[in-house]
Amino acid sequence: MRFFSKTDIGKKRTENQDRVWAGQLSGEAVAIVLCDGMGGENAGSRASQMTVDFVSERISEGFRADVNRNTIRNLMVTSIVAANALVFDEAFSDVNKHGMGTTCVAVIVHNERAYIINVGDSRAYHIFGDNCQQITKDHTYIRALLDEGEITPEEARVHPNRNAITRAIGAEAGIVPDYFEIDLHKDSILLLCSDGLHSYGDDTAIAEIIVNNPRNKACDLLVDYALKKGGTDNITVGLIVN
């Protein structure tokens with residue numbers, strides 16, 4: 001397996017509050033942790049950096065090549081829950097950091113299976129052949145309205161509250177992350193990204209960039225795509241090629 005990642009400040013922001021880590025684990029397993037911070041100046045960066053550092057360290061130290069599915073799930077869930085407590089405690093104890101938090105999406109790929117966990121609206125996609133499937137489900141106000149049938153997808157793209165997050169690491173004392181497992185096909189590709197990429201709403205175009213170009217250039221091309229679309233937010237991507 002190969003893995004790649006890239007982060008970019010974008011065209012409009014004065015600070016990059018996104019963070020990403022990608023690395024090799026024991027055996028042939030690989031992992032990516034991606035976060036998109038929120039909060040005042042420096043607070044969002046602090047939350048995302050704390051979370052990426054903590055989760056990647058816990059995963060790297062806790063993973064073994066002979067682990068079973070339940071062990072991987074427990075490792076990922078406990079890592080996110082502990083990271084939440086860490087960020088929440090710092091935000092609570094420092095008035096300048098009140099309200100800081102971060103999204104997080106992370107994946108471990110081991111023995112042709114992907115283990116994914118997320119909080120917030122940073123996403124994971126499974127790309128195979130001509131198909132592009134969003135694995136994660138956004139924790140946003142807009143997603144709730146869509147699920148309840150109160151707005152259409154077209155209305156969601158221009159809704160004034162489309163960026164409102166309903167779940168984030170550090171926002172509350174406790175957190176319940178979403179967790180997924182999927183089997184991978186030959187030539188499966190996993191894409192992780194912050195909303196600086198996916199908010200442009202064209203999953204098909206994003207998948208075509210990956211499929212139709214050398215994999216080692218895909219992250220650069222995806223960032224370029226978001227910049228050409230306006231680049232109004234920080235842009236971060238991670239890619240695992242099976």
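**Figure 1. Helix 6 lies across four strands of a sheet.** Helix 6 (residues 203-211) is in contact, meaning heavy atoms within 4.5 Å, with strand 6, strand 7, strand 9 and strand 10 (235-241). Helix 6 runs at about 60 degrees to strand 6. Helix 7 (residues 218-228) also packs on the sheet and touches strand 1, strand 9 and strand 10. The direction of helix 7 makes about 150 degrees with that of strand 10. Helices (H or I, at least four residues) and strands (E, at least two) are DSSP runs, numbered from the N terminus. Axes are lines fitted to C-alpha atoms, for helices over the stretch in contact, and angles run from 0 to 180 degrees between N-to-C directions. The model shown is predicted: local features need pLDDT of at least 70 and side-chain atom pairs count only at pLDDT 80 or more, while totals for chains, interfaces and linings use all residues. Residues are numbered from 1 along each chain as its sequence is written, and side-chain values use heavy atoms, with hydrogens and water left out.

**Figure 2. Helix 6 and helix 7 cross with their axes within 9 Å.** The two axes, of helix 6 and helix 7, cross at roughly 150 degrees. The crossing of helix 6 with helix 7 is right-handed; a crossing is left-handed if the near helix is turned anticlockwise from the far one by less than a right angle, and right-handed if clockwise. From helix 6, Ala205, Ile206, Ile209 and Ile210 meet Ala218, Leu221, Leu222 and Tyr225 of helix 7. The residues of this contact divide into eight nonpolar, no polar and no charged. Here Ala, Val, Leu, Ile, Met, Phe, Trp, Tyr, Cys and Pro count as nonpolar, Asp, Glu, Lys and Arg as charged, and the others, Gly among them, as polar.

**Figure 3. Five strands form an open antiparallel sheet in the order 1-10-9-6-7.** Two strands pair if DSSP finds at least two bridges between them. Strand 1 (2-8) and strand 7 (131-134) are the edge strands, each pairing on one side only. On average, neighbouring strands of this sheet are turned by 15 degrees against each other, direction ignored. Strands of a sheet pair through backbone hydrogen bonds, either parallel or antiparallel.

**Figure 4. Strand 6 is mostly covered.** Five of the six residues of strand 6 are buried, where buried means under 20% relative accessible area, exposed over 50%, and partly exposed in between (1.4 Å probe, protein chains only). Strand 6 (residues 123-128) runs antiparallel to strand 9 (residues 189-193), and five bridges join the two. In this pairing, alanine 124 stands opposite leucine 192, and tyrosine 125 stands opposite leucine 191. Four bridges join strand 6 to strand 7, also in antiparallel fashion, and here tyrosine 125 stands opposite glutamine 134. Strand 6 and strand 7 form a hairpin with two residues between them. Glycine 129, in the turn, has a positive phi of about 60 degrees.

**Figure 5. Five further strands form an open antiparallel sheet in the order 2-3-4-5-8.** The edge strands, strand 2 (18-24) and strand 8, each pair on one side only. From one strand to the next, the twist averages 10 degrees. Seven bridges join strand 2 to strand 3 (residues 30-38), which run antiparallel, and glutamine 24 stands opposite valine 30 in strand 3. Helix 1 (residues 43-62) lies across strand 2, strand 3 and strand 4 (101-110), running at about 160 degrees to strand 3. Helix 2 (residues 69-93) packs on the sheet and touches strand 4, strand 5 and strand 8. The direction of helix 2 makes about 20 degrees with that of strand 5.

**Figure 6. Aspartate 183 and arginine 113 meet in a salt bridge.** A salt bridge is a side-chain nitrogen of Lys or Arg within 4 Å of a carboxyl oxygen of Asp or Glu. For aspartate 183 and arginine 113, the N to O distance is 2.4 Å. This pair links distant parts of the chain, 70 residues apart: aspartate 183 is in strand 8 (residues 178-183) and arginine 113 in strand 5 (residues 113-119). Aspartate 183 is exposed, at 53% relative accessibility, whereas arginine 113 is buried, at 14%.

**Figure 7. Glutamate 90 forms a salt bridge with lysine 97.** The closest N and O atoms of glutamate 90 and lysine 97 are 2.5 Å apart. Both glutamate 90 and lysine 97 are buried. A search of the whole structure finds nine salt bridges.
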